[in-house]
Each structure stands twice: as structure tokens, then as C-alpha cells.
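Dear colleague,

I am passing on the structure we spoke about, with the sequence and the coordinates placed just below. After them you will find an account of what turned up when I went through it.

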Amino acid sequence: MSTARSKVERASHQVAPGLEALARFGYASKGVVYGTVGVLALILALGGNGSTTDTRGALLRLQDLPAGSALLWLLVVGLGGYALWQLLRAVLDPEHQGNEARGLVKRAGYLVSGAVYLTLAVFSARAAAQGSASRDQNSEAQAASQVLDLPGGQVLLGLAGVVLLAVAVWQFYKAYGARFMKHMAFTDVGAQYKGTLKRIGQVGISARGLLLAIVGVFLLVAAWRDQASIVIGTSEALAWLREQPAGQFLLGAAALGTLCYGVWCVTQALYRRIKVMD
């Protein structure tokens, strides 16, 4: 295991500049995807022909643009690069999170994030190659149904809900204290608008936390009732906000926040400290 790790470290040293560039392109690609989710929801909230969707739905909408397939191939590279960066953070620990409980939890989160964005990159590649890709509207409920069929499935689904709620609370905490700013190194224009960019990050990360919290609560309810159909994803969480009293306002606020999150991802592409190796 240590031999394999040392080989990975040596390879990372050799390609570190390229990996940094790929990671930055990954943050930018992530920003494009979340920005699209936010823009579509915001248009709907303002009474236009928008929609509530998730990251996969955003990719399919981007494909409808002129040269959309070419754009999707670029996003394949970017999302794949972001997945690789997250996996490197998990395995090589270039940010020195350490091997204590807190550090291991963070690194496990990076590993999960890497797997999620790798899956999204594969989806984008399939859509670009085939000219289209199917997006199952009930994929979250289907996955939950498979979990509930397992021994102790309700407990597992409930734990997933607790984890999402914990991540949501961490997002709120990180946004409130602007803890994310310690990873940034603003220069030139970014330094002039540092305060504004910080607020954008706070709004965006809070919006992400809100949507994760909604999904987490629905997971807990589904686990309690042993009913997979209750489980929702980002698209349904946005739609759920729209159905509440003052729903257009709530949807608009969440959409604007999601758009801010996309902008913040692009900001990270430009100014985040990225150290692949010491």
C-alpha cells in the first residue's frame, strides 16, 4: 500500500503544474453547471420559461445550445479534472487534513465528492457522444428503494439523511464565518472586489446548504416511513420550495443563491490556493 502511495506521489510531483491547471478548470466547469441550475430556476421564479433541474438536467440543457456537444466535451475534461483533484485531496492529503478523526472525515468527503463528479463527467461524455442521454426523474427514489431492500435499509437510509444534514450544517457554519476565505489568494481585480466575492461565496454556500438540508430531511422521512418515493433530489427540492407559501420568492432566493454558488466556483478557479504536492 505504501509502495503504491509513493508511486502516486512521485507521479504527482512530475505532473503537478498540469494537475493544478486541470483542478482550476474543474472548478470553472463546476461553476458552469451550478450556474446553469441557478439561472434556469431563477428564470422560472421570474415567470419565464425556466425549470427546476439538477446538475444532469443542466448538462442536457447546455447541450441544446449551439455547439452544445463541444461544450459538453469541455465539461467532461473539467468535471473529470475536478474529480481527480478531489481524489488527490483524499489520498495524498496535500492540504494536511491529517489522520485524526476530523481530518479523515473531510478526506472521506473528498473521496465521495470525487466519485460523484466522476459519475457526472461520464454522464456528460455519454450525452456528448450519443447526442442525448436519459435522465431518470426518479433516480433518487429508485436508489432509495434499493437501499430499503437491504437488511437494515431504513437505518442506512436514515444515516444518509443524517450525513446530508450534517454536511448542510457545516455549509452554513462555513458560510457564516467565511471560513472558505482561508483557501483563497486574491490578486489584481479579485483583490479589489474581495469583500463582494466573499459575500457571493457566503450566499452561494448557504444556498447549497439549504438544498442539502431539504434533501436530507426528505431522506429521514422516507426512512421513517419506509417509503422510497418520498426521496427527492436538487430538482425536486427547488420545486418543493416553489410549492410553499411565497413559493416564487423562495424559489427565486434559492435560485439566486445557486447562481452565486456557481460564480463562487469560478472564483475558486481563479484565486483558490491549489497545492497538489508540498
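**Surface and overall build**

The chain exposes about 14,100 Å², and carbon and sulfur atoms supply 63% of that area. Please keep in mind while reading that this is a predicted model, and that every value here is computed from it.

As for secondary structure, the chain holds 10 helices and zero strands, so that, read along the sequence, the pattern is α-α-α-α-α-α-α-α-α-α. The radius of gyration is 19 Å, close to the 19 Å that the globule rule gives for 278 residues, and the chain is therefore as compact as a globular protein of that length. Taken along the principal axes, the C-alpha atoms fill a box of roughly 50 × 50 × 45 Å. Of the 278 residues, 45% count as buried. Among the contacts with a separation of 6 or more, 73% are accounted for by residues 24 or more positions apart.

On charge, the chain carries 25 positive and 15 negative charges, and the mean positions of these two sets are 8 Å apart.

**Cysteines**

Since you may be planning around thiols, here is what the model says about disulfides. A search of the whole structure finds zero of them. Why is Cys260 not bonded to Cys265? The sulfur of Cys265 is the closest cysteine sulfur to that of Cys260, yet the two are 11 Å apart, which is too far for a bond, because a disulfide requires the sulfur atoms to be within 2.5 Å. Seen from the other side, Cys265 is likewise in no disulfide, and its nearest cysteine sulfur is that of Cys260, 11 Å away.

Are these two residues buried or exposed? Cys260 has a relative accessible area of 15% and is buried, and Cys265, at 0% relative accessibility, also counts as buried.

**Two residues with a positive phi**

Two backbone positions deserve a look when you open the model. Ala67 has a positive phi of about 60° although it is not a glycine; Ala67 sits in the loop between helix H2 (55-63) and helix H3 (68-91), and with a relative accessible area of 59% this alanine is exposed. Asp188, which is not a glycine either, has a positive phi of about 50°. Asp188, however, lies in a helix, namely H7 (residues 188-192), and is exposed, with a relative accessible area of 63%.

**Positions along the chain**

Some further residues, taken one at a time, may help you to find your way around the fold.

Arg24 belongs to helix H1 (residues 2-45). Leaving aside residues up to four places away in sequence, Arg24 touches Gln268, Ala269, Leu270, Tyr271, Arg272 and Ile274. The C-alpha atoms of Arg24 and Arg56, which are 32 residues apart along the chain, are separated by 21 Å.

Gly152 is found in the loop between helix H5 (139-148) and helix H6 (153-176), where, at 43% relative accessibility, this glycine counts as partly exposed. From the C-alpha atom of Gly152 to that of Arg107, 45 residues apart along the chain, the separation is 26 Å.

Ala178 has its place in the loop between H6 and H7. Is this loop residue buried or exposed? With a relative accessible area of 13%, Ala178 is buried, because the cut-off for that class is under 20%. Not counting residues up to four places away in sequence, Ala178 touches Lys198 and Gln202. Its C-alpha atom is 32 Å from that of Leu72, and the two residues are 106 apart in sequence.

Val221 is part of helix H8 (residues 194-225), and its relative accessible area of 29% makes this valine partly exposed. Between Val221 and Ala207, which are 14 residues apart in sequence, the distance in space is 22 Å, C-alpha to C-alpha.

With kind regards

Conventions
Residues numbered from 1 in each chain as written. Predicted model: local features only at pLDDT ≥ 70, side-chain atom pairs only at ≥ 80, totals over all residues. Heavy atoms only, no water. Buried < 20%, exposed > 50% of the residue type's maximum accessible area, 1.4 Å probe, protein only. Helix = DSSP H or I, 4+ residues; strand = E, 2+ residues; numbered from the N terminus. Rg over C-alpha atoms; globule rule 2.2 N^0.38 Å. Contact = heavy atoms within 4.5 Å. Areas by Shrake-Rupley, 256 points an atom, 1.4 Å probe, with all protein chains shown as cover. Lys, Arg positive; Asp, Glu negative; His and termini not counted. Charge placed at Lys NZ, Arg CZ, Asp CG, Glu CD.
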